[in-house]
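Me: I should like to take a close look at the salt bridges of this protein and at the parts of the chain that they join. Please describe them in a connected way, and then relate them to what surrounds them.

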Amino acid sequence: MADVVYNKEQIMEIIPHRDPFLLIDEINEIEPGKKVTATKYIKEDDFWFKGHFPEYPVTPGVLMIEMLAQAGCVAMLSLPENKGKLGLFAGIDKAKFKRQVVPGDVLKLEVEIIKVKGPIGVGKGIATVDGVKAVSAEITCLLYTSPSPRDPKTS
């Protein structure tokens with residue numbers, strides 16, 4: 001079992017995601033702004049298996065991409081200058097799905113930040129199960145300072 005640098009509660013101090021849409025369970029290694037390794041334990045009672053698919057439970061590819069994105073956001077938002085910002089999806093490139101991910105699997109998520117220009121960051125991500133690649137992609141995010149919910153410009 002890998003070391004735990006941040007548990008779910010600590011992850012929620014960095015990114016705004018909450019259940020049922022917080023899709024990473026722990027951070028195992030991190031170099032803020034550079035790279036991160038995270039874990040997602042795939043459980044039979046994960047919400048998506050009720051409909052995807054009841055007789056053949058498979059983790060949706062789009063959710064694995066989201067898991068990589070959330071891990072990458074932890075890396076970017078761990079920098080002191082990014083504290084309190086949101087990481088919004090801005091693009092997905094070169095996504096490849098190589099293996100089905102099913103209940104009982106442990107998904108290892110690795111994201112390396114390969115480019116940052118202003119508020120835009122690009123991460124190269126790979127998710128594996130027992131060392132076998134399940135998905136890989138380049139993910140672009142926009143670091144955003146959200147206005148107050150009471151800001152009249154957003155009403």
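Reply: A convenient starting point is D19, which has a relative accessible area of 55% and is therefore exposed, since the cut-off for that class is over 50%. The model is a predicted one, and every value below is computed from it.

D19 has a salt-bridge partner in K8, and the N to O distance between their side chains is 3.5 Å. These two residues belong to distant parts of the chain: D19 is in the loop between α1 (8-12) and β1, K8 is in helix α1, and 11 residues separate them. K8 has a relative accessibility of 21% and so counts as partly exposed. For K8 the class follows because buried means under 20% and exposed means over 50%, with partly exposed in between.

A second salt bridge joins D25 and K40, whose closest N and O atoms are 3.9 Å apart. D25 is found in the loop between α1 and β1, whereas K40 is in strand β2, so this pair ties together parts that are 15 residues apart in sequence. As for their surroundings, D25 and K40 are both buried.

A third salt bridge brings together the side chains of K43 and D46, at 3.6 Å from N to O. Here the partners fall into separate classes of accessibility. K43, at 34% relative accessibility, is partly exposed, while D46 has a relative accessible area of 8% and is therefore buried.

These pairs may now be seen together. K8, D19, D25, K40, K43 and D46 are linked in a network of salt bridges. In the whole structure, a search finds seven salt bridges.

Two of the elements met above also bear on a pocket. The second largest pocket holds about 150 Å³ of space. β1 (26-31), β2 (35-41), β4 (106-117) and β5 (120-129) each supply at least two residues of its lining. Among the lining residues are E29, E31, K35, E110, E112 and K124. By type, the lining divides into six charged, four nonpolar and one polar residue.

The largest pocket offers a useful comparison, with about 180 Å³ of space. Its lining includes Y6, M12, P16, L77, K83 and L86. In this lining, seven residues are nonpolar, three are charged and two are polar.

Helix α2 may be considered next. It covers residues 61-77, and at 1.5 Å a residue its 17 residues should span 24 Å; the end C-alpha atoms are 24 Å apart, which agrees. Of the 17 residues of α2, 16 are buried, so the helix is mostly covered.

One further residue, T140, shows how a strand meets other parts of the chain. T140 lies in strand β6 (residues 132-144) and is buried, with a relative accessible area of 15%. Apart from neighbours within four places in sequence, its contacts are L88, F89, A90, G91, I120, G121 and V122. The C-alpha atom of T140 is also 9.6 Å from that of I113, a residue 27 places away along the chain.

To return to the request, the network links K8, D19, D25, K40, K43 and D46. Within it, D19 is exposed, K8 is partly exposed, and D25 and K40 are both buried.

How values were computed: Residues are numbered from 1 along each chain as its sequence is written. This is a predicted model: local features need pLDDT of at least 70, side-chain atom pairs count only at pLDDT 80 or more; totals for chains, interfaces and linings use all residues. Side-chain values use heavy atoms; hydrogens and water are left out. On a 1 Å grid over the protein atoms alone, a cavity is a set of points where a 1.4 Å probe fits but cannot get out, and a pocket is an open set with protein on both sides within 12 Å along at least five of seven lines; lining residues have an atom within 4 Å of a point. Grid points are joined across faces, edges and corners, and a volume is the space filled by probe spheres set on the points. Ala, Val, Leu, Ile, Met, Phe, Trp, Tyr, Cys and Pro count as nonpolar, Asp, Glu, Lys and Arg as charged, and the others, Gly among them, as polar. Helices (H or I, at least four residues) and strands (E, at least two) are DSSP runs, numbered from the N terminus. A salt bridge is a side-chain nitrogen of Lys or Arg within 4 Å of a carboxyl oxygen of Asp or Glu. Buried means under 20% relative accessible area, exposed over 50%, partly exposed in between (1.4 Å probe, protein chains only). Contact means heavy atoms within 4.5 Å. The expected span of a helix is 1.5 Å times one less than its number of residues.
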